[in-house]
Structure formats: C-alpha cells, structure tokens
Amino acid sequence: GEVVSVGPGVEDVTIGDRIVSGGLGGAFAEYGVYHAGRSRPIPEGLSYAAAAAVGSAYLTAYVSLVRRANIQKGEWLLVHGAAGGVGLAAVDLGKYLGAKVIAAASSDEKLEAIKKAYNPDVVLNSSEGFREKVKEITGGGADVIYDPVGGDVFDESVRCIAFDGRLLVVGFASGRIPEVKANMPLIKGFSVVGVRAGEYGRKFPEKGQENMDEVWRLIGEKKVTPHVHGVYGLDDWRKAFSEMEERRVVGRAIIDPTR
C-alpha cells in the first residue's frame, strides 16, 4: 500500500512511499499499522497486486530450492501443486536457477495457465499418477521434488526420485501427513528435507535477511515474476475464497480494499 503516516523516529519510510509489509491480522482493511523495519519499497513498475503475491510464496521457494536443496543447473525439478501460490513460485524460480522443471498439477486447464505464464520444460497432469512418467522424462528420477501436497503425492514421489535426490517437504495440502520407511532413503540414497521458510529466518537471522533481500532483488530485476490469478474488491472476498476452495486459482488471489 501507500504510506499515509509515519511514527516518531521513522526515517527510512516517508509519506507517499509504495511499500510492502505484513503482520498477523488486519489484511482486509483500508488502513493498517505496520513495523517500518519490516517494510520494503515496492520495485518500480510492480503493481500492488503483484507485490502482495510475493510474500511467503517466493520466500518458501527460495529457501526450499537454494538453502535446503542446493539445486544445480541442469537438475530435474518436479514441482507438485504447481498451480498453487508456493508451487507456481517454485516453477518460476526453478526456471531462473537453470533447473529442468516439470510442473505437475491436477487439471489440463491449470497446466495450460502454468505453461502460458512460465513455460516450464514439461507440464504433467498428475491426477492419474505420475511415477512412471517422471522416470521416463528424467531418465530415472527427479533430482529435486518440491512437495506442498503430501499424502499420496509424497508416497508416489518416493518412487520416482533419483539417487542422491532431495525430497522437499513443504506442506500437506492434501490433508494427510505421509510417512516413509527408513529403508527407502537408504536404498535409493535420497534425502527427505523439511522446509519452514519463516522458521529458517528466525533460527538464522542473517541468512533470513539475505533470503528476503535476494527474493526482492530478483523481483526488482524482473528475473522472476509473481502471477496474480485475480484481484477482488473487499466486498467480493467471498468470491475470492470460493475460487480457492473450488481449486480454480492459479497463483495468488488478491483482495484489494481500495477497489
């Protein structure tokens, strides 16, 4: 939003600045109070909606692929839930980092939207299984698997990960927290890696600051570009939530109280 007032002693933020910030609660409001030290200027040319779509999505993708997976150019990256906010950010960032990206989603319509937005190397409808397709595409298995879905998707991912691969546990959108028998990572030589982007920054404050700085540098230089599914006025918040509940959103749905 636009800064309309600043508190005493605030020097780095001035009235009229376009900033991005956040906190717990108060998002569906025309005005809010935010910490100046946790606010950033919105890069020139970036809309408010696009700036609002960066947040946790790109931070999660960055911590996952760079800090936790140490992904390398030319490696195969399988992104599950690729139409969701954190999934789509991983597709975008993975392409920038030079990975060969397989974007997996549950419908051809979503895959077309992903292809149009970021043109991954492969789009894959995972609604009827993906194990054999991934092994065929990659020549044996994906080097890095980004999984915000969990459940059956995680179980099948164990069967199509490459030796020395990294299976990133990002979330459990499916509702079921999966388990893996220890003999599978042993035999196949892969790692199961947990990702908590916010907690990573709290445990390692300097690295956390570096993460955010790098994300916003990439945004500012247009190396990566957040995708906005739609912008809704405050009176249309129910429609925005329905779009998410019915799984029609590709990227982020944004509520703009000024509309």
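Phe241 is partly exposed in this predicted model, with a relative accessibility of 38%. Its ring takes part in an aromatic pair with Phe28 and in another with Trp237. The points below treat this aromatic cluster, then the charges placed over rings, and then helix H9.

**Aromatic pairs and cluster**

- Three aromatic pairs are found when the whole structure is searched.
- Phe28 and Phe241 meet edge-to-face, with 6.2 Å from centre to centre and 85 degrees between the planes.
- Phe28 belongs to the loop between S1 and S2, whereas Phe241 belongs to helix H10 (residues 237-245), so this pair ties together parts that are 213 residues apart in sequence.
- The pair of Trp237 and Phe241 is also described as edge-to-face, at 5.7 Å centre to centre and with 85 degrees between the planes.
- Both Trp237 and Phe241 are located in helix H10, where they are four residues apart, about one turn of the helix.
- One aromatic cluster is formed by Phe28, Trp237 and Phe241.
- Phe28 is partly exposed at a relative accessible area of 44%, and Trp237 is partly exposed at 32%.
- Partly exposed is the class for these residues because their values fall between the limits of 20% and 50% relative accessible area.

**Charges over rings**

- Arg18 places its charged end over the ring of Tyr48, 4.8 Å from the ring centre.
- Lys207 has its charged end over the ring of Phe204, at 5.2 Å from the centre of that ring.

**Helix H9**

- Helix H9 comprises 16 residues (205-220), and its span from the first C-alpha to the last is 22 Å, close to the 22 Å expected at 1.5 Å a residue.
- The buried residues in H9 are Gly208, Asn211, Val215, Trp216, Leu218 and Ile219.
- These buried residues lie on the same side of H9, because they cover an arc of only 155 degrees around the axis.
- Two strands are among the packing partners of the buried residues of H9, namely S1 (19-20) and S2 (40-41).
- The helices against which the buried residues of H9 pack are H1 (48-52), H2 (55-68), H3 (85-96) and H8 (197-203).
- Lys222 follows H9 and has a positive phi, near 60 degrees.

Conventions:
Residues numbered from 1 in each chain as written. Predicted model: local features only at pLDDT ≥ 70, side-chain atom pairs only at ≥ 80, totals over all residues. Heavy atoms only, no water. Expected span 1.5 Å × (residues − 1). Buried < 20%, exposed > 50% of the residue type's maximum accessible area, 1.4 Å probe, protein only. Arc of directions from axis to C-beta. Contact = heavy atoms within 4.5 Å. Phe/Tyr/Trp six-rings, centres within 6.5 Å; stacked < 30°, edge-to-face > 60°. Lys NZ or Arg CZ within 6 Å of the ring centre and 35° of its normal.
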